[in-house]
Amino acid sequence: MSFYFVSIGGTGAKVMESLTHLCIAGLLPDNERLYITAIDPDVGNGNLERTSTALNNFNVFQNFSVGNDTLLFKNKISIVRPFPWNPTGHDKTLDDLIEFYHHSNTPVGKLYEVLYTKKERETTLNEGFRGHPSIGAAVLAKKFDDGEKFSTLTAQIEKTIGEGESVKIFLAGSVFGGTGAAGLPTIARLLKNNLGDYSDRISIGGVLILPYFSFTPTDKFDELFARSENFLPNTKAALKYYSEKENLFDATYFIGDSVMTPVGEFSVGSANQRNEAHIVELYAALAAADFYARPLHAPKIFKYICHHERDKFSWSDFPASAERFVQFARFIFAYVHLIKPVLNDLISGEAKVYKYPWFVDFLDGVDLTAPDVVNFNFYAEAFAAWLKQIETLDGREIFLINPAMFESNPARLVDKKLFAALDGNKTKLTIHEIFYRLTEPFKFDSTVKGFGKFLRRLYDTCADN
Amino acid sequence: MNRTTRTIIKIFLIAAVTVGCVALAYYLGSNIAGHKLATASDNMNYSRWLEKYFALTRAAGLLNGLCALGWFLSARFLFEVDEAAGAGKRIFWAALMMASLAISLGVAHFYAPILGIKLNGIIFGLFAIIFTGLGYWLLTIFTTPLAFKYTPLGARPILKRNYKAD
């Protein structure tokens with residue numbers, strides 16, 4: 001079995017970010033490889049950039065030799081390129097993309113002029129479809145007709161199937177914006193059509209993200225852009241579409257929030273569109289994990305997930321193994337707070353080696369400036385920052401990791417005593433206990449080595465047992 | 001072996017090595033210089049000198065054992081490493097080693113006149129080597145809690161050579 005994940009648009013990219021963290025934390029089922037691809041005309045948008053960074057970090061350090069009998073890094077990731085795929089190209093308008101100039105003064109051209117306003121037709125699409133799914137639908141349909149992108153994605157899927165494996169494909173995007181709303185049904189249909197010969201070996205799932213944030217555009221923007229007041233009408237229209245048309249997904253997840261979290265600063269798109277992570281995206285990633293865990297041709301089921309208190313989220317609302325997630329979070333905090341500063345000091349010659357028995361035992365002779373180690377350092381801080389964003393959400397009280405853990409950036413602990421009660425439950429796992437455990441005897445098989453051996457040991461010491 | 005068992009074993013090891021050091025200092029001291037020193041001491045025969053010398057080695061050995069035990073107990077139960085800077089504690093270990101040396105030489109220097117026996121340089125050398133060298137330095141290399149196991153000087157080359165992670 002192989003898992004595929006297709007991120008569509010900015011919200012899809014944010015789900016992909018959460019899924020990447022879940023994957024690295026070992027919360028995906030089995031040891032299957034996860035193939036990831038992204039479709040976004042706004043290739044420079046900050047959300048996608050952040051996700052791509054985490055993905056590329058993991059792509060570099062995922063081959064650490066941590067052994068096969070651990071959850072840590074068990075699901076490897078492959079990025080299906082071009083990543084992300086930009087269906088619009090650079091500085092193109094809708095008129096350019098559908099080659100309107102060939103069709104003007106024809107009946108089709110006149111119909112097109114009726115369906116799209118002049119502004120919709122002449123706005124460059126570098127920042128995406130600007131909350132207008134009608135633009136996205138036209139562009140994607142045209143591009144897919146031309147066979148772009150899907151030649152690589154479907155070829156990869158066919159190759160996987162050709163190797164005798166089954167494939168589970170999961171699509172994620174919003175139904176209230178532009179790219180996701182246009183892309184979800186279009187891409188699902190295209191996959192169904194292109195891979196129709198392998199229908200007994202393929203299952204397609206999707207998460208349709210309903211509105212969960214809002215923003216206030218500033219007056220200076222006299223141009224085409226998404227407006228949060230349109231989110232609900234857009235959603236209503238999309239859901240009507242899904243209820244009336246054939247459901248293309250073998251499993252469909254709807255996830256949204258009744259509280260619209262305000263995003264910090266409005267941006268049409270591009271690098272400035274860097275929204276904070278949200279619990280809805282984490283749930284959407286967990287939906288993907290749930291889909292991957294289901295049998296290939298499981299009967300369609302309808303589940304309703306609710307949480308215990310209206311405005312609060314806690315572990316009792318978490319539809320996955322809290323224990324695994326907390327162990328991974330503890331591992332990252334221990335690394336960033338206790339290990340990383342030492343490694344930096346040792347590299348710069350400011351620390352004495354004898355003080356750190358775990359360094360002598362595991363890392364003496366290991367190149368700490370190697371790309372995989374450096375990428376893990378970046379990733380560890382990115383995970384902590386992501387978790388902090390989820391925990392400190394405006395309008396929602398999230399009680400997964402103690403928010404006081406995030407007083408200092410990125411995961412340095414101001415009050416070290418908090419570490420033992422990272423998830424609100426008192427344990428004996430103090431920072432000192434971790435330091436001590438790292439020095440105790442243990443046994444791994446011979447495949448565990450190098451920096452991976454140290455990370456594996458650190459991860460194991462972070463288990464509450 | 002769990003941590004509690006390891007702690008108990010190490011405490012017993014400290015006690016055993018301390019007793020061994022006392023025995024060694026007594027045996028070597030009495031055989032190498034005992035007769036000569038007993039003769040040199042006022043109102044002293046060999047068996048009486050041995051009795052007094054044994055009291056001296058017990059006192060020096062016990063106080064040195066307390067240094068080794070103090071280091072072990074501090075590193076095991078007192079020192080907390082909740083920040084990278086909190087690791088190591090070599091100054092504390094070195095201070096105890098100086099205390100051990102001061103005890104080895106000081107007990108011999110001040111307690112021997114009280115007991116009424118004379119000592120010579122060989123005994124001072126033996127006390128320094130046996131109590132401080134063996135009873136503190138070497139003993140702490142093998143009994144220091146794992147979180148500080150490379151803190152005693154020389155521990156790294158000795159322990160690392162025998163270390164097998166898997």
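This short presentation describes the domains, the core and the chain contact of a predicted model.

Good morning. Let me begin with the layout of chain A. The domain assignment gives domain 1, residues 2–89 + 125–305, and domain 2, residues 322–461.

How do these two parts meet? In chain A, 27 residues of domain 1 are in contact with 31 residues of domain 2. On the domain 1 side, at least two residues each come from helix H1 (9–24), helix H2 (46–61), strand E8 (261–262) and helix H10 (279–293) of chain A. H2(A) gives the most to that side, with six residues. By character, the domain 1 side divides into 15 nonpolar, 10 polar and two charged residues.

I turn now to the interior. The largest nonpolar core has 171 residues, and among those with the most contacts inside it are A:Phe5, A:Val207 and A:Leu458. Helix H11 of chain A, residues 322–348, gives the most to this core, with 13 residues. Why does this core lie between domain 1 and domain 2 of chain A? It lies there because both domains give residues to it.

One residue may serve as an example. Leaving aside residues up to four places away in sequence, A:Leu458 touches A:Phe331, A:Ala334, A:Tyr335, A:Ile339 and A:Leu438.

Finally, I come to the two chains. Their contact takes 20 residues from chain A and 17 residues from chain B. On the chain A side, H11, helix H12 (357–363) and helix H14 (431–437) are the elements that give two or more residues. The largest share, four residues, comes from H14(A). The chain A side comprises 11 nonpolar, three polar and six charged residues.

Thank you for your attention.

Note on methods. Residues numbered from 1 in each chain as written. Chains lettered and ligands numbered in written order. Predicted model: local features only at pLDDT ≥ 70, side-chain atom pairs only at ≥ 80, totals over all residues. Core = buried A, V, L, I, M, F, W, Y, C linked by C-beta atoms within 7 Å. Buried ≥ 20, exposed ≤ 12 C-beta atoms within 10 Å, placed from the backbone. Domains from an automatic or database assignment. Contact = placed C-beta atoms within 7 Å. Nonpolar A, V, L, I, M, F, W, Y, C, P; charged D, E, K, R; others polar.
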